[in-house]
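User: I'm new to reading structures like this one. Could you walk me through a few features, step by step?

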Amino acid sequence: MAWNFLSAAAIVANIIFSIILVLLNKQLVVAYHFKFMTVLSGFHFISGFMVCLMFVLLGITKYKAVNSYWSIFRISLGAFLSVVFMNYCLSYSSVGFYQVIKLFCIPLALFFEYVLGMQQEVLNLKLVLSLVLILAGMAMIIREEVSANFTGILWGLCGIITTALSQVYFSPLKKGLGLDVMQLLLHTSPWLTFGSFISVPVFEDIDALRDYKLTSAVIFTVLLTCLLAVGLNITNFVVLSEFSPLTYNIMGHLKTILIISVGSIMFNTLPSTTMLVGMTIAIVGVVLFTNEKDAQQELKKNALPYTAVPVEDSGVEMEKAETV
């Protein structure tokens, strides 16, 4: 699908919301010792639902019934697990490690696409080289982090697996539902909120949660993160609707440098030399991957008008061509 103003605006807003949200979530853990990530995720999800409901009541968004609650459930489950696992990874890890481990979503998403028969890229030498660089950089980063924080790595691995799967499944499921961005968020938010709060006894220390002393600063920060989470959820749905899962990952990594830089300064967690080398190698791999993917998409776009088999003779209903 061709780039347009809405797509560009959604990407820019997504990057800004994501950076500030990550830093504020980490601030809650470091400065205020608020480590209840499942509870925080529940607040974020219910905030999204309230905004969508307000849009419906004001007539900004039209309510549309769902033709498959099973698809809604799968989208909600993937989003819930992804958000909760990655929030716990952030809680136990440095901001830099939290952001960089997301790079592993690229080879994982590619792997899942091929296994599930949903591949969108041609696996040639350049693409393989870029993936090798990403994996090599990630290996250096994880090796350095293992000695200091094994728990954070476990949460991160769970997070990137669920993130990659949910991104791969998102586009075809959304097409089947026939919902726009806000309609989909309206239907998934209650499931996400319900899942978060019933999972509190599993993920949280109930005694510590009950004894935690709320302050005005904590309340203000939590409310601010809720607003940012709403904006991030909306822009996530827009971007994932317009682009493929791997393109979404590549665009998301544009914020890696900013998050690592600002996070390292704010929380005094400068990465080691090994981690810096690993980050550099992984980011070079991302750049190579981006260039190769763009080249493949350009070839597909140029070849599209010259399809030899007419649509009416192919026996298959052709969908609208998409380019990214």
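Analyst: Sure, let's take a loop residue, a surface patch and a helix residue in turn. Keep in mind that this is a predicted model.

User: Let's begin with His-33. Where does His-33 lie?

Analyst: Look between two helices: His-33 sits in the loop that links α1 (5–32) and α2 (37–57). Its backbone is worth a glance too, since His-33 has a positive phi of about 55° without being a glycine.

User: Is His-33 buried or exposed?

Analyst: For that you check relative accessibility, where exposed means over 50%. His-33 comes out at 53%, so it counts as exposed.

User: Now the surface. Which residues make the nonpolar surface patch?

Analyst: Here you look for nonpolar side chains that join up on the surface. In this model Tyr-63, Tyr-69, Trp-70, Phe-73, Leu-77 and Trp-191 form a patch of about 660 Å².

User: And which helix gives the most to the nonpolar patch?

Analyst: That's α3, residues 69–92, which supplies four residues. Tyr-69 lies in this helix.

User: What about Thr-162, is it buried or exposed?

Analyst: Same idea, other cut-off: buried means under 20%. Thr-162 has 14% relative accessibility, so it counts as buried. You'll find Thr-162 in helix α7, which covers residues 150–177.

User: What does the side chain of Thr-162 reach?

Analyst: It reaches the backbone oxygen of Cys-158, at 3.0 Å. Setting aside neighbours within four places in sequence, Thr-162 is also in contact with Gly-78, Leu-81, Ser-82 and Phe-85.

How values were computed
Residues are numbered from 1 along each chain as its sequence is written. This is a predicted model: local features need pLDDT of at least 70, side-chain atom pairs count only at pLDDT 80 or more; totals for chains, interfaces and linings use all residues. Side-chain values use heavy atoms; hydrogens and water are left out. Buried means under 20% relative accessible area, exposed over 50%, partly exposed in between (1.4 Å probe, protein chains only). Patches are made of residues with over 30% relative accessible area and no salt bridge: like charges are joined within 9 Å, nonpolar side chains (Val, Leu, Ile, Met, Phe, Trp, Tyr) within 5 Å. Accessible areas come from the Shrake-Rupley method with a 1.4 Å probe; for residues, only the protein chains shown count as cover. A salt bridge is a side-chain nitrogen of Lys or Arg within 4 Å of a carboxyl oxygen of Asp or Glu. A polar contact is a pair of N or O atoms within 3.5 Å; within protein, one must be able to donate a hydrogen and the other to accept it, and residues adjacent in sequence count only if both atoms are side-chain atoms. Contact means heavy atoms within 4.5 Å.
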